[in-house]
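Work through the exercises below with the sequence and the model side by side. Each task is followed by a solution in steps.

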Amino acid sequence: NVDAIDFQTDGDIILQGYRLWGVQSGSTSFQVTFSLYRGSTLLATKTGSYRTSSSVKTFEVHFSRGISIRAGVTYTATAQITTRSKSYAHSDGVASASCSGITVTFAQKSSKDTNASRRRGGQFPALIFRSSLC
């Protein structure tokens, strides 16, 4: 299954990676393939094994390099997690979030999602940006 969320920003920014929900009980490694799309164009993808612990609840995945995000363009963040362990998921997502004058707006649902992630709930508690302002 693939978790996905569509988003736009109102300012140019650099996407470093994602924060994902980890294991609900104990600790384990998740095999994760995560990607970024602009429409049907794959901009970046990476696969790796990531340690996760229920005491921390989330873990970060980073692309090999930052990816330029342009204002007003819709992007899709995806993650495919391979594990037998149950992971957390959020249920209190927001329509938008702002930091130092840049607002990120999330779509209600992504057409690339096959695992019930939505704006209100799912696998992406945060996107990791780098900017001189944020």
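Arginine 19 counts as partly exposed, at 25% relative accessibility; partly exposed lies between buried, under 20% relative accessible area, and exposed, over 50% (1.4 Å probe, protein chains only). This is a predicted model, in which local features need pLDDT of at least 70 and side-chain atom pairs count only at pLDDT 80 or more, while totals for chains, interfaces and linings use all residues. Residues are numbered from 1 along each chain as its sequence is written, and side-chain values use heavy atoms, with hydrogens and water left out.

**Exercise 1.** Find the salt bridge partner of arginine 19 and place both residues in the chain.

Solution. Step one is the rule: a salt bridge is a side-chain nitrogen of Lys or Arg within 4 Å of a carboxyl oxygen of Asp or Glu. Step two applies the rule: arginine 19 meets glutamate 60, at 2.4 Å from N to O. Step three locates the pair: arginine 19 is in strand 2 and glutamate 60 in strand 5, 41 residues apart, so distant parts of the chain are linked. Strands (E, at least two residues) and helices (H or I, at least four) are DSSP runs numbered from the N terminus. Step four is exposure: glutamate 60 is partly exposed, at 35% relative accessibility.

**Exercise 2.** How many salt bridges are there by this rule? Describe the one formed by arginine 70.

Solution. The count comes to 2. Arginine 70 pairs with aspartate 12, and their closest N and O atoms are 3.6 Å apart. Arginine 70 sits in the loop between strand 5 and strand 6, aspartate 12 in the loop between strand 1 and strand 2, with their positions 58 residues apart. Arginine 70 has a relative accessible area of 43%, and aspartate 12 has 47%; each is partly exposed.

**Exercise 3.** Determine which polar contacts the side chains of aspartate 3 and aspartate 6 make.

Solution. Begin with their place: aspartate 3 is in strand 1, and so is aspartate 6. Next, check for charge partners, with Lys and Arg counted as positive, Asp and Glu as negative, and His and the chain ends not counted. Aspartate 3 is buried without a salt bridge, and its nearest side chain of opposite charge, arginine 118, is 8.3 Å away. Aspartate 6 is also buried and has no salt bridge; for this residue the nearest opposite charge is lysine 112, 6.5 Å away.

Then look for polar contacts (N or O atoms within 3.5 Å; within protein, one able to donate a hydrogen and the other to accept it, with residues adjacent in sequence counted only if both atoms are side-chain atoms). The side chain of aspartate 3 reaches that of serine 117 at 2.6 Å. The side chain of aspartate 6 has polar contacts with the side chains of threonine 76, at 2.7 Å, and serine 110, at 2.8 Å.

**Exercise 4.** Which element gives the most to the largest nonpolar core?

Solution. A nonpolar core is a set of buried Ala, Val, Leu, Ile, Met, Phe, Trp, Tyr and Cys residues joined through side-chain atoms within 4.5 Å. The largest has 28 residues, and those with the most contacts inside it include Phe7, Tyr18 and Leu127. Among the elements that give two or more residues are strand 1 (3–9), strand 3 (27–38) and strand 9 (126–130). Strand 5 gives the most, with 5 residues. As a wider check, the protein has 0 helices and 9 strands, and buried residues make up 40% of its 134 residues.
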